[in-house]
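The exercises below ask you to read a fold from its strand pairings, its core and a few individual residues. Work through each task with the model open, and then compare your reasoning with the solution.

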Amino acid sequence: MITVFTEKMKKLLAEKSGLAFIEFAYSLPIFLGIGMYGSEIANLTLQKTALAQVAVSLSDNASRMGSTVNDDISKTIYEGDVRQLIAGAVIQAGSLKILENGRIIVSSLEVNANGKQKIAWQRCKGKAVVPPKYGSQGKNGSDDSSFVGMGRPGNEIQALAGDAVMYVEITYDYQPLFGDMFIKSTRLFEEAAYNVRDSRDLASGLRSDGNDPALCSKYNANI
């Protein structure tokens with residue numbers, strides 16, 4: 001009996017038909033974790049790239065918006081123009097749900113009467129409570145030499161006299177694929193700027209047309 005048992009144990013220990021399955025079972029969690037982490041990083045990169053494209057398109061479109069009044073060659077812009085502008089960015093952002101998870105800020109950088117940079121007007125949309133990074137509407141309305149433009153310190157973008165720069169800031173709270181398993185709460189930020197393409201009536205600023213101004217003091221995703 002002992003001899004028979006011993007022989008069976010030897011055969012069992014020598015059996016290798018299930019070895020690959022056991023190795024697979026041990027390695028599966030590791031490879032699955034690596035695959036999930038790679039998917040998360042790829043998704044983060046894609047969303048950041050998409051936001052950058054939205055920022056560039058929004059700034060470019062802002063530089064072209066407006067309409068002529070009474071055959072004047074200078075374009076006049078209205079509150080409705082900005083609302084449509086942001087609505088287009090929301091459509092472009094698609095599944096990112098940019099107004100629910102972030103904030104869009106559009107600023108008109110111009111030159112004041114003293115030849116200094118100023119933020120002539122500014123409009124915001126989105127639920128994220130994020131203040132403008134470089135200053136709010138009316139920044140440097142007089143003669144404040146501390147404000148030299150918008151952008152990274154030492155590399156600020158400036159408007160030319162009689163011209164304007166449409167500066168866009170987009171903040172977005174990244175929505176991870178697997179909760180906070182791999183990436184904790186991450187806030188993405190993208191910005192872009194374009195000079196106004198056509199002659200624009202800067203003296204009139206952003207004209208009222210019955211549309212509710214999307215002031216940055218309001219935090220409302222509706223558009």
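**Exercise 1. Determine which residue of S5 stands opposite leucine 109, and use the strand pairings to work out the order of the sheet.**

Solution. Leucine 109 stands opposite valine 165 in S5, and in this predicted model the two strands S3 and S5 run antiparallel, joined by eight bridges. On to the next pairing: S3 is also joined to S4 by eight bridges, again in the antiparallel sense, and here serine 108 stands opposite tryptophan 121 in S4. The remaining pairing is that of S5 with S6, which is antiparallel and extends over nine bridges; within it, tyrosine 172 has leucine 188 as its bridge partner, while threonine 171 has phenylalanine 189.

Put together, the pairings give an open sheet of four strands in the order S4-S3-S5-S6, with antiparallel pairing. The edge strands, each of which pairs on one side only, are S4 (117–125) and S6. Averaged over the sheet and ignoring direction, neighbouring strands are turned by 20° against each other. Helix H3 packs on this sheet, where it touches S3 and S4, and its direction makes about 60° with that of S4.

**Exercise 2. Establish how far S4 and S5 are covered, and decide whether threonine 171 is buried or exposed.**

Solution. Begin with the strands as units: seven of the nine residues of S4 are buried, so that this strand is mostly covered, and S5 is likewise mostly covered, with eight of its nine residues buried. Threonine 171 is found in S5, which comprises residues 165–173. The relative accessibility of threonine 171 is 5%, and because the cut-off for burial is 20%, this residue counts as buried. Its surroundings can then be listed: with neighbours within four places in sequence left aside, threonine 171 is in contact with Gly102, Arg103, Val130, Arg187, Leu188 and Phe189.

**Exercise 3. Characterise the setting of aspartate 173, and name the side chain that it joins through a polar contact.**

Solution. Aspartate 173 also has its place in S5. With a relative accessible area of 24%, aspartate 173 is classed as partly exposed, because this value lies between the cut-offs of 20% and 50%. Not counting residues up to four places away in sequence, aspartate 173 touches Asn101, Ala128, Thr186 and Arg187. With arginine 187 there is a polar contact of 2.6 Å between the side chains. A further relation across the sequence is that to glycine 102, which is 71 residues from aspartate 173 along the chain, although their C-alpha atoms are 5.8 Å apart in space.

**Exercise 4. Find which elements supply the largest nonpolar core, and which of them gives the most residues.**

Solution. The largest nonpolar core has 30 residues, and those with the most contacts inside it are Ile98, Ile104, Val106, Trp121 and Ile170. At least two residues of this core come from each of helix H2 (19–64), helix H3 (79–93), helix H4 (98–101), strand S3 (102–111), S5 and strand S6 (187–195). Of these, H2 gives the most, with six residues.

Isoleucine 104 can serve as a closer view: apart from neighbours within four places in sequence, its contacts include Leu58, Ile86, Ala89, Ile98, Leu99, Cys124 and Ile170, as well as the charged residues Arg123, Lys125 and Glu169. Another core, of eight residues, lies apart from the one just described, and among its members are Tyr134, Phe147, Met150 and Ala159.

**Exercise 5. Say what the phi values of glycine 115 and lysine 97 are, and where these residues lie.**

Solution. Glycine 115 belongs to the hairpin of S3 and S4, which has five residues between the strands, and takes a positive phi near 80°. Lysine 97 has a phi near 50°, which is a positive value in a residue other than glycine. For comparison, most residues other than glycine have a negative phi. Lysine 97 is found in the loop between H3 and H4, and its relative accessible area of 47% makes it partly exposed.

Definitions and conventions: Residues are numbered from 1 along each chain as its sequence is written. This is a predicted model: local features need pLDDT of at least 70, side-chain atom pairs count only at pLDDT 80 or more; totals for chains, interfaces and linings use all residues. Side-chain values use heavy atoms; hydrogens and water are left out. Buried means under 20% relative accessible area, exposed over 50%, partly exposed in between (1.4 Å probe, protein chains only). Contact means heavy atoms within 4.5 Å. A nonpolar core is a set of buried Ala, Val, Leu, Ile, Met, Phe, Trp, Tyr and Cys residues joined through side-chain atoms within 4.5 Å. Two strands pair if DSSP finds at least two bridges between them. Axes are lines fitted to C-alpha atoms, for helices over the stretch in contact, and angles run from 0 to 180 degrees between N-to-C directions. A polar contact is a pair of N or O atoms within 3.5 Å; within protein, one must be able to donate a hydrogen and the other to accept it, and residues adjacent in sequence count only if both atoms are side-chain atoms.
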